Amino acid sequence: MSWSAQTKMLKGASGIAAILLLWQLSVYVVDVPPHFYPSPAAVWRAFIEMTEKGILPSYIADSMLRYLLGVLIGTAIGCALALLIASSKLAMRMLGPMIDFLYYMVELAWIPLFVIWFGFGLPTILVAVVYVVIWPVLFNSLSGIRSIQPSLILAARSLGGSRWQVLREVVLPGMLPQAVNGFRVAAGFAFRALIFGELIGAQSGIGYLIFESTTHLQTDRTVLGMICMGLLWLFIDRNYLRPFEKATIDRWGMVVSHDS
Amino acid sequence: MTANGIAPSRLARQAASIGLALIVPALVVAAWAAVPFFVKVPAYKLPTVMEIGEQFWVLTSSGKLGWELLVSGSRFIVGLLLGTALALPLGLAIALNRHVSDVVRPALVFFQAIAGIAWVPMAIIWFGFGQGPVIFVIANTVFFSTIYNVVRGVESIPAVLRNAVRSMGGTGIGYFRELILPGALVQIIVGLRTSMAFGLRALVGAEMIAGTSGLGFMTIDASQSYGTDTVIVGMLVIAVVWYVLDRAVFIPLERKTVVRWGLQRFQ
């Protein structure tokens, strides 16, 4: 590691340490009930206690399983729909405006309806996650397909490519960079949807931990849940999503704009 | 002849596009109406189109819908202004000073990851149920989204321009007013749209959990008594409001500013 990267990391760590220190010190200064403003020490104790009891690991496992399942199903549906719609110009013109409108639908607004349809519990959470994944994937895949130069498709056809070959050799690679972009957006949405779904209708998971603990005024657990949520997301993003994006986009030799 | 020929054909093509676009929603509505004939669904799970229209009329004529819309809208604006006002100075500090950036960024990335609805339960403890937690969560969401846009806006200013302004003696206020502000503004305005999209989600989500009024509360409250028609009316109203806001305000605003400042949007 270079010298400047090292000092950068040290500075960053000092920022986080300063926040923790100020947080702990401010607890001594402000005189409020502990549940109103839990200290970092209390959060740490909650972490130890919940880990020893095995509650925290099982909650994290539950959340991750739901997340993974929802993202996979949603991505598969989104990509399949995009290819289906794109295979026909008529379908594109018929469905395009409707997809645009559904994109404006705030996903969270579906939750009450999902609760009525599927009850509280796993189905509602899963449907919510799948739902929020489908749209960004579909939307971006379609715009990826739209951006393919028609001459490329015509060239492939005039060289004797069958419909299937054109799909595999031209449309799919042309769609992929945008689809990956959509997938990244979707993965972020899905994480929020998971937490929200668990907040509203679950018996386990990180979102449940964040919400349920406040009703017993165990806010040290609430804060622990929030910290777990942040770390979990950063872990997923840095270890899986970014490398995945890099690998696929390098592989297909295309550049897309990077957010964050 | 050609001049006369073009206009009707374009009109016809547009009409065809609109016609084609209406087929699918019409089919969806038809399928929706047909479901009860084929499958036995309890009425509360799938109200008819007519029932939803009626409920819309009831909610509108009684003024309830207008009132909830007003309540949600004013919270949204307050949260948005609060979050943006707090984010601008910090964003500029991070963008303009490398030391501030190095110290703050890792913490910022973490807080960005938990911004939004995860704060609702703590916000309820702090502010009680009602509009306090809702505004807090909107402001929180907008804050982290806007900081990112400000930083990216300043960073998108080409180094050549910075050096040029500097070498011609631009410092302090002049440097800020002539270069940083106009340079970053496009990204900030473009980013405002993203911030508002996140803010809207925060609004709806927070109202469902912590609210005692507003559109989000209206839908979740109705779902508890199986008022599915109200839930669907609420969903559609939220979508239409956002659609109109985006089409009528943001897309023109974006086009105007991007053209006005003579910059391209990189995407």
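Start with the interface of this predicted model. Select chains A and B: about 5000 Å² is buried between them, and carbon and sulfur atoms give 77% of that area. Now pick B:Ile125, B:Arg201 and B:Met235. In chain B these lose the most area to chain A, together 13% of what that side buries.

Show the contact residues next. Chain B brings 57 and chain A brings 51.

Zoom to B:Arg201 again. Its side chain meets that of A:Glu107 in a salt bridge, 2.7 Å from N to O. The interface holds two salt bridges by the rule used. Turn on polar contacts: nine residue pairs are found across the interface, both partners at pLDDT 80 or more.

Colour chain B by helix. Two or more residues on the side touching chain A come from each of H1 (2-38), H4 (98-114), H5 (120-127), H6 (131-155), H8 (172-210), H9 (215-224) and H10 (228-260). H10(B) gives the most, with twelve residues. Recolour that side by class: 42 residues are nonpolar, seven polar and eight charged.

Move to the second largest pocket. Its space is about 910 Å³. Select A:Met98, A:Leu102, A:Trp110, B:Val28 and B:Trp32, which lie nearest the centre among 29 lining residues. Both chains supply elements that give two or more residues to the lining: H4 (89-104), H5 (111-118) and H6 (122-146) from chain A, with H1, H2 (49-61) and H10 from chain B. H1(B) gives the most, seven residues.

Finish by colouring the pocket lining by class. Which classes appear there, and how many residues has each? The lining has 28 nonpolar residues, one polar residue and no charged ones.

Terms used. Residues are numbered from 1 along each chain as its sequence is written. Chains are lettered from A and ligands numbered from 1 in the order in which they are written. This is a predicted model: local features need pLDDT of at least 70, side-chain atom pairs count only at pLDDT 80 or more; totals for chains, interfaces and linings use all residues. Side-chain values use heavy atoms; hydrogens and water are left out. Contact means heavy atoms within 4.5 Å. Buried area is the accessible area (1.4 Å probe) that two parts lose on being put together, summed over both. A salt bridge is a side-chain nitrogen of Lys or Arg within 4 Å of a carboxyl oxygen of Asp or Glu. A polar contact is a pair of N or O atoms within 3.5 Å; within protein, one must be able to donate a hydrogen and the other to accept it, and residues adjacent in sequence count only if both atoms are side-chain atoms. Helices (H or I, at least four residues) and strands (E, at least two) are DSSP runs, numbered from the N terminus. Ala, Val, Leu, Ile, Met, Phe, Trp, Tyr, Cys and Pro count as nonpolar, Asp, Glu, Lys and Arg as charged, and the others, Gly among them, as polar. On a 1 Å grid over the protein atoms alone, a cavity is a set of points where a 1.4 Å probe fits but cannot get out, and a pocket is an open set with protein on both sides within 12 Å along at least five of seven lines; lining residues have an atom within 4 Å of a point. Grid points are joined across faces, edges and corners, and a volume is the space filled by probe spheres set on the points.
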